Amino acid sequence: MTRRVFFLGLIAYGLLTGLFYRIINLIDRVGWTDAAVYVFSISVIVWVAVYIGLELIIEADDDESVGELDEAVGITGLLLCSIPYAPLAWLGLTILTGWLVITTVPQTTLHRGALILLATTFPMLWSRVIFKFLSGPILLVDAWIVAKLLGTSNEGTHIAFVDKSGILEVSPECSSWANISLVLLTWLVISQYQRRRWQVVDLGWCVLVVLTVVAINTIRMAMMGISEEHYFLIHGTVGSTFISWVLCLWGTRSDWTKIQKTIRLSTKMTGIKK
């Protein structure tokens, strides 16, 4: 058995269990209808990343045999992915894909597929872990900035609407943090799908994209804080997801044909009409 086939099976199993446990948990909390409406609380960007990452690994031309260390890593990942708890499944995927990334030649198809799937674990696990410890200060800063933009006051994460019709609460889901992890994942998916080599200038582009996402999300929250009517009109994930794609497509605009192919692929796979 080759390393490609060995790890493809383990990674596919890990993705299946990680996504399944996450979906089942959401359905248990909110029901089938609400879970389906919100795409099972999993970003379209993540679904696309999973599809493209697996596609690249399947297409990889690798005939290297499985080694003893590969087996040890594979067993560890398999055990973690078999525990019926989503975070542990994504931890197992981190180990499996991370091992592939560090043991394969950069820019090869196998390496690029593993790198995309490794990046997918960040919005699904690691950004949540980090945010759990830093959510207090992050949400307070978000609320303070939004209140200043609106010219109103805030008490903790609660901001008074401009028309005094109610209170806007800055929840973890509204924070720029989640959008940052998704926009960086989008960047990586598109650049790896194009086989675009990393350059120093890319670091500057990434910083610019992150700052832009934070600024846009802050303005978005401020617009929601004008009134309840504005809140219900603007609130949701469609706008932030669309902005993430636009920013990342702009930053990797060197190959528009491949970018269009990526968009068509994601639209076809998710069944969503933009």
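**View 1. Arg3 and Asp70 form a salt bridge.** Arg3 is buried, at a relative accessible area of 2%. The model shown here and in every view below is predicted. The side chain of Arg3 meets that of Asp70, with 2.8 Å from N to O. Asp70 is buried too, at 6% relative accessible area. Arg3 belongs to helix H1 (residues 3–30) and Asp70 to helix H4 (residues 68–82), so the pair ties together parts that are 67 residues apart in sequence. The salt-bridge count comes to one.

**View 2. The chain has 11 helices and three strands.** Along the sequence the pattern reads α-α-α-α-α-α-β-β-β-α-α-α-α-α. The chain has 274 residues, of which 46% count as buried. Its accessible surface is about 14600 Å². Carbon and sulfur atoms hold 67% of that surface. Among contacts with a separation of 6 or more, 72% join residues 24 or more positions apart.

**View 3. Three strands make an open antiparallel sheet.** The strand order is S1-S2-S3. Strand S1 (154–155) and strand S3 (167–169) are the edge strands, and each pairs on one side only. Strands of a sheet pair through backbone hydrogen bonds, either parallel or antiparallel. Here S1 pairs with strand S2 (residues 158–160) in the antiparallel sense, over two bridges. Asn154 has Ile159, in S2, as its bridge partner. Helix H6 packs on the sheet and touches S1 and S2. The directions of H6 and S2 make an angle of about 5 degrees.

**View 4. Ala143 of helix H6 touches Asn154 and Ile159, among others.** Ala143 lies in helix H6. Its relative accessible area is 0%, so Ala143 is buried. Residues up to four places away in sequence are not counted in the contacts that follow. Ala143 touches Asn154, Gly156, Thr157, Ile159 and Val170. Two of these residues, Asn154 and Ile159, are bridge partners of each other. The C-alpha atoms of Ala143 and Thr157 are 5.2 Å apart. In sequence, 14 residues separate Ala143 and Thr157.

**View 5. Four residues form a nonpolar patch on the surface.** The patch is made of Val129, Ile130, Phe133 and Leu134. Together these residues have about 370 Å² of accessible area. Leu134 is found in helix H6, which spans residues 109–150. Leu134 has a relative accessible area of 41% and is partly exposed.

**View 6. Ser181 of helix H7 is in contact with Pro123 and Ser127.** Those contacts leave aside neighbours of Ser181 within four places in sequence. Ser181 is found in helix H7 (residues 176–193). Its relative accessibility is 13%, so Ser181 counts as buried. Pro123 is 58 residues from Ser181 along the chain. Their C-alpha atoms are separated by 5.5 Å.

**View 7. Gln107 has a positive phi.** Most residues other than glycine have a negative phi. The phi of Gln107 is near 75 degrees. Gln107 sits in the loop between helix H5 (86–103) and H6. Is this loop residue buried or exposed? Gln107 counts as buried, at 13% relative accessibility.

**View 8. Lys164 also has a positive phi.** The value for Lys164 is near 60 degrees, in a residue other than glycine. Lys164 is found in the loop between S2 and S3. Its relative accessible area is 75%, so Lys164 is exposed.

**View 9. Ala36 is shown with Leu26.** Ala36 is found in helix H2 (residues 32–37). At 42% relative accessibility, Ala36 counts as partly exposed. Leu26 and Ala36 are 10 residues apart along the chain. Their C-alpha atoms are separated by 9.7 Å.

Definitions and conventions. Residues numbered from 1 in each chain as written. Predicted model: local features only at pLDDT ≥ 70, side-chain atom pairs only at ≥ 80, totals over all residues. Heavy atoms only, no water. Patch = residues over 30% accessible without salt bridge, like charges linked within 9 Å, V, L, I, M, F, W, Y side chains within 5 Å. Areas by Shrake-Rupley, 256 points an atom, 1.4 Å probe, with all protein chains shown as cover. Helix = DSSP H or I, 4+ residues; strand = E, 2+ residues; numbered from the N terminus. Buried < 20%, exposed > 50% of the residue type's maximum accessible area, 1.4 Å probe, protein only. Pairing = 2+ DSSP bridges. Contact = heavy atoms within 4.5 Å. Axes fitted to C-alpha atoms, helices over the stretch in contact; angles between N-to-C directions.
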